[in-house]
Amino acid sequence: MLNLLITCVNYSDYLSYTLPYNVTIFDNIYIVTTEQDKNTHRVINKLNSIKQNITTLYTNIFFEDGPWGKTHFNKGGALNFGLSNIEHKDWIIIGDADIIYPSNIINQLPNLEIECLHGMYRYKINKSEDILAAIKSYEREEVYNTYLKDAIIQYGLRKHGIIGYCQLFNFSSTCIKNGFSYPQGPTAFAVDTQFSRGYFPRKYRRLNKNYCLHLGEICINWKGRITKKWD
């Protein structure tokens, strides 16, 4: 079984493109959002009427101030809220709302090391009209060459851990047998890499040859959504 947990606040424009693809891949999708984000609710309800495998989890912890001061976007707290409300069983990807995951990932699970935290490359999509061509490349098992492959992802794996747009692990891994949580803080910055380093030593981190599609800008919305509307 493969599950997906993401946060989505003011990202419904991305979600409207990613969710139709992801809903066909995962057994269960858990989306952490706020009661106020009606646009995200509408996207979820539309897709849930077809597949009925999406669970919406509501919390305001995204913007609650903490001991660090004013919170702009507490992604770690929202992920912990999500994890506390789902069953810890089988495989899960902790990911993002602006990511389309490869359709063949489910077939690769039996070959993955169950102890490890797995990541994957990403290919940046700048326009919605480019999505379909990239999706078809999955079917042909093509691999895109992209500067992100070496400049960010490889460096991140060695120095900082698996980056949070795709953290794939099995709940039975002994690395997290004593429990785990994502660090909380005033922004989304470094939440995922701190989790990776904190629970999965370097020898338990893997970067698969697979790749996902990342819509829009990267490394910019760490304090909540500031980028313009997608498409």
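**Questions about a predicted fold**

Author: In this predicted model, Cys 219 sits in the segment after β8.

Reader: What makes Cys 219 partly exposed?

Author: Its relative accessibility is 47%. Buried would need under 20%, and exposed would need over 50%. The value 47% falls in between, so Cys 219 counts as partly exposed.

Reader: And what is the phi of Cys 219?

Author: Phi is about 55°, a positive value, although Cys 219 is not a glycine. Most residues other than glycine have a negative phi. Asp 90 is another case: phi is near 65° there, and Asp 90 is not a glycine either.

Reader: Where does Asp 90 lie, and why is it called partly exposed?

Author: Asp 90 lies in the loop between α3 (75-83) and β4 (91-96). Its relative accessibility is 26%. That isn't under 20% and isn't over 50%, so Asp 90 goes in the partly exposed class.

Reader: Let's move to the strands. How do you know that β2 and β3 pair?

Author: Count the bridges. Pairing takes at least two of them, and 5 join β2 (residues 28-33) to β3 (residues 54-58). The requirement is met, so the two strands pair. They run parallel, and Thr 33 in this pairing stands opposite Tyr 58 in β3.

Reader: How does the chain get from β2 to β3, and what is the hand of the crossover?

Author: The chain goes through helix α2 (residues 38-48), and this β-α-β crossover is right-handed. To check that for yourself, turn the model until the strands point away from you: a path that runs clockwise from the first strand over the helix to the second is called right-handed.

Reader: Which class does Lys 38, in helix α2, belong to?

Author: Lys 38 has 45% relative accessibility, which is why it counts as partly exposed. The C-alpha atoms of Lys 38 and Val 9 are separated by 9.7 Å, with their positions 29 residues apart along the chain.

Reader: Now the inside. Which residues touch the most other members of the largest nonpolar core?

Author: Leu 15, Leu 19 and Ile 31 do, in a core of 41 residues. Strand β8 (residues 205-215) gives the most to this core, with 5 residues. There is also a second, separate core of 26 residues, with Ile 61, Phe 73, Leu 79 and Phe 180 among them.

Reader: What is Ile 31 in contact with, beyond its neighbours within four places?

Author: Its contacts include Ile 6, Cys 8, Leu 15, Leu 19, Ile 44 and Leu 57. As a general point, nonpolar side chains in soluble globular proteins tend to be buried together.

Reader: Which residues of helix α7 are buried?

Author: In α7 (residues 191-199) they are Val 191, Asp 192, Thr 193, Phe 195 and Ser 196. These buried residues pack against α3, β6 (117-125), β7 (166-170) and β8.

Reader: Last one, on the whole chain of 7 helices and 8 strands. How do you know that it is as compact as a globular protein of its length?

Author: Set two values side by side. The radius of gyration is 16 Å, and the globule rule gives 17 Å for 231 residues; these are close, so the chain is as compact as a globular protein of that length. Buried residues make up 55% of the chain, and the C-alpha trace spans about 45 × 40 × 35 Å along its principal axes.

Notes: Residues numbered from 1 in each chain as written. Predicted model: local features only at pLDDT ≥ 70, side-chain atom pairs only at ≥ 80, totals over all residues. Heavy atoms only, no water. Helix = DSSP H or I, 4+ residues; strand = E, 2+ residues; numbered from the N terminus. Buried < 20%, exposed > 50% of the residue type's maximum accessible area, 1.4 Å probe, protein only. Core = buried A, V, L, I, M, F, W, Y, C linked by side-chain atoms within 4.5 Å. Contact = heavy atoms within 4.5 Å. Rg over C-alpha atoms; globule rule 2.2 N^0.38 Å.
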